Amino acid sequence: MAEIAPKGPSDFDEVEGWVSMTFDDDEFDISYDLEGLPRSCKDDECYFAVKKGSCDNLKSGKYHKDDYEVWSKDDAGFTTSRGGQAAGSIYGLKSGYDYDKNKCRSFMVLGLVEGSKSSDDDKIRRLGCGPLVPKGKDEDFCSSSSSR
């Protein structure tokens with residue numbers, strides 16, 4: 001599970017909530033409950049992604065094998081309410097990596113920043129982020145270099 005904290009434009013400094021990934025071999029489901037996001041964000045404007053590195057020091061590129069482009073608006077998109085809340089689940093996703101390869105990666109919440117006129121990728125901003133902490137562990141578990 002990842003506890004999501006603000007990691008984007010100052011307009012979204014109240015982003016908070018949680019995201020959980022449940023695995024069955026290399027297929028996974030995402031459950032989430034978030035608030036403080038852009039209002040009325042459509043699923044082609046807000047989406048999730050996993051990246052290597054810590055939330056403060058992300059590596060370039062989304063975390064998936066070449067044959068699996070799961071971290072896109074098409075597969076990992078979600079909608080928000082007029083109040084900027086989002087809760088739900090996304091089922092049957094594959095990134096090419098199993099549970100062990102995803103633990104302690106950074107789970108990103110991305111979205112179209114208000115005032116932007118299109119949902120082109122260059123208008124998408126990081127809104128929140130949190131490490132994917134294994135069940136039964138605390139966030140310090142992911143701070144050790146051997147767990148990344």
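These questions and answers walk through a predicted model.

Visitor: What is the mean pLDDT of the protein?
Guide: This is a predicted model. Of its residues, 89% reach 70 or more. The mean pLDDT is 85.

Visitor: Where is confidence highest in the protein?
Guide: At the low end is strand 6 (residues 57-58), with a mean of 82. At the high end the mean is 96, and that belongs to strand 3 (residues 27-35).

Visitor: Is Ser95 buried or exposed?
Guide: Ser95 sits in the loop between strand 7 (86-94) and helix 2 (99-102). Buried means under 20% relative accessible area. Ser95 has 0% relative accessibility, so it counts as buried.

Visitor: Which backbone nitrogen lies 3.3 Å from a polar atom of the Ser95 side chain?
Guide: Leave aside the neighbours within four places in sequence, and Ser95 contacts residues including Asp26, Tyr63, His64 and Trp71. The backbone nitrogen in question lies 3.3 Å from the serine's side-chain polar atom. It belongs to Tyr97.

Visitor: Asp98 is in the loop between strand 7 and helix 2. How does it count by relative accessibility: buried, partly exposed or exposed?
Guide: The limits are under 20% for buried and over 50% for exposed. Asp98 has 33% relative accessibility, so it counts as partly exposed.

Visitor: How far apart in space are Asp98 and Asp24, C-alpha to C-alpha?
Guide: Beyond its neighbours within four places in sequence, Asp98 is in contact with Phe23, Asp25 and Asp26. Asp24 is 74 residues from Asp98 in sequence. In space, C-alpha to C-alpha, the separation is 8.1 Å.

Visitor: Which backbone nitrogen lies 3.3 Å from a polar atom of the Asp98 side chain?
Guide: Asp98 belongs to the loop between strand 7 and helix 2. The nitrogen that lies 3.3 Å from its side-chain polar atom is that of Asp100.

Visitor: Why is strand 4 largely enclosed by the rest of the structure?
Guide: Cys46, Phe48 and Val50 are buried on one side. Tyr47, Ala49 and Lys51 are buried on the other. Strand 4 is largely enclosed because its buried residues number six of six.

Visitor: Which residue of strand 8 is the bridge partner of Phe48?
Guide: Strand 4 pairs with strand 8 (residues 106-112) in the antiparallel sense, over six bridges. Within strand 8, the bridge partner of Phe48 is Val109.

Visitor: Which element gives the most to the lining of the largest pocket?
Guide: The largest pocket has a volume of about 200 Å³. Its lining includes Ser20, Met21, Phe23, Tyr99 and Asn102. Helix 2 and strand 2 (16-24) each supply at least two lining residues. With three residues, the top contributor is strand 2.

Definitions and conventions
Residues are numbered from 1 along each chain as its sequence is written. This is a predicted model: local features need pLDDT of at least 70, side-chain atom pairs count only at pLDDT 80 or more; totals for chains, interfaces and linings use all residues. Side-chain values use heavy atoms; hydrogens and water are left out. Helices (H or I, at least four residues) and strands (E, at least two) are DSSP runs, numbered from the N terminus. Buried means under 20% relative accessible area, exposed over 50%, partly exposed in between (1.4 Å probe, protein chains only). A polar contact is a pair of N or O atoms within 3.5 Å; within protein, one must be able to donate a hydrogen and the other to accept it, and residues adjacent in sequence count only if both atoms are side-chain atoms. Contact means heavy atoms within 4.5 Å. Two strands pair if DSSP finds at least two bridges between them. pLDDT is the predictor's confidence in each residue, from 0 to 100. On a 1 Å grid over the protein atoms alone, a cavity is a set of points where a 1.4 Å probe fits but cannot get out, and a pocket is an open set with protein on both sides within 12 Å along at least five of seven lines; lining residues have an atom within 4 Å of a point. Grid points are joined across faces, edges and corners, and a volume is the space filled by probe spheres set on the points.
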